Amino acid sequence: MARRGRDPHWISVRHATKCANCKTEVKRGSRAFYYPNDRRMLCEGCGEPAAQEFAAAVFDEEHNLCL
Ligand SMILES: [Zn+2]
């Protein structure tokens with residue numbers, strides 16, 4: 001699967017930040033799901049379902065199920 005640069009992905013946060021969804025603090029060094037397009041970060045709890053949804057969307061796209 002070709003990796004697209006602007007796809008959301010998991011990162012380790014370098015500075016403490018807040019989840020864009022639930023406003024929980026995301027501590028330095030913990031995992032966050034990052035959206036490069038709008039520079040949003042989600043905590044692990046919010047990011048997990050979002051990541052699965054994104055993976056499902058990519059799957060649909062690659063199999064032309066959304067057409
Ligand atoms: Zn959250």
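## Order of elements

From the N terminus, the protein chain of this predicted model runs through its elements as β-β-β-β-β-α. That makes 5 strands and 1 helix.

The chain has 67 residues, of which 10% count as buried. Among the contacts with a separation of 6 or more, 22% join residues that lie 24 or more positions apart.

## Confidence

The average pLDDT of the protein chain is 90, and 88% of the residues score at least 70. By element, confidence is highest in β3, with a mean of 97, and lowest in α1, with a mean of 93. Where pLDDT is low, the predicted coordinates should not be read in detail.

## The sheet

Three of the strands, β1, β4 and β5, form an open sheet in the order β1-β4-β5, with antiparallel pairing. The edges are β1 (9–12) and β5, each of which pairs on one side only. On average, neighbouring strands in this sheet are turned by 40 degrees against each other, direction ignored. Strands of a sheet pair through backbone hydrogen bonds, either parallel or antiparallel.

The antiparallel pairing of β4 with β5 comprises 3 bridges. Within it, tyrosine 34 has methionine 41 of β5 as its bridge partner. Helix α1 packs on the sheet and touches both β4 and β5, its direction making about 50 degrees with that of β4.

## The helix

Helix α1 covers residues 44–62. Its 19 residues should span 27 Å at 1.5 Å a residue, and the end C-alpha atoms are 26 Å apart, so the expected and modelled lengths agree. The helix is hardly covered, since 1 of its 19 residues is buried. After α1 comes asparagine 64, which has a positive phi near 55 degrees.

## The nonpolar core

The largest nonpolar core consists of 6 residues: Val26, Ala32, Phe33, Tyr34, Leu42 and Cys43. Strand β4 (residues 31–35) gives the most to this core, contributing 3 residues. Tyr34, a member of the core, is also the residue whose bridge partner in β5 is methionine 41.

Phenylalanine 33, another core residue, has contacts beyond its neighbours within four places in sequence: Pro8, Trp10, Met41, Leu42, Gly47, Ala50 and Ala51. One of these, Leu42, also belongs to the core.

## Loop residues with positive phi

Lysine 23 is not a glycine, yet has a positive phi of about 65 degrees. This residue sits in the loop that links β2 (17–18) to β3 (25–26). Lysine 23 counts as exposed because 8 C-beta neighbours lie inside 10 Å, and the cut-off for an exposed residue is 12 or fewer.

Arginine 39 also has a positive phi, near 55 degrees, and is likewise a residue other than glycine. Its place is the loop between β4 and β5 (40–42), the two strands that pair over 3 bridges. With 8 C-beta neighbours inside 10 Å, arginine 39 is therefore counted as exposed.

Conventions. Residues are numbered from 1 along each chain as its sequence is written. This is a predicted model: local features need pLDDT of at least 70, side-chain atom pairs count only at pLDDT 80 or more; totals for chains, interfaces and linings use all residues. Helices (H or I, at least four residues) and strands (E, at least two) are DSSP runs, numbered from the N terminus. A residue is buried if 20 or more other C-beta atoms lie within 10 Å of its own, exposed if 12 or fewer, and partly exposed in between; C-beta atoms are placed from the backbone. Two residues are in contact if their C-beta atoms, placed from the backbone, lie within 7 Å. A nonpolar core is a set of buried Ala, Val, Leu, Ile, Met, Phe, Trp, Tyr and Cys residues joined through C-beta atoms within 7 Å. The expected span of a helix is 1.5 Å times one less than its number of residues. Two strands pair if DSSP finds at least two bridges between them. Axes are lines fitted to C-alpha atoms, for helices over the stretch in contact, and angles run from 0 to 180 degrees between N-to-C directions. pLDDT is the predictor's confidence in each residue, from 0 to 100.
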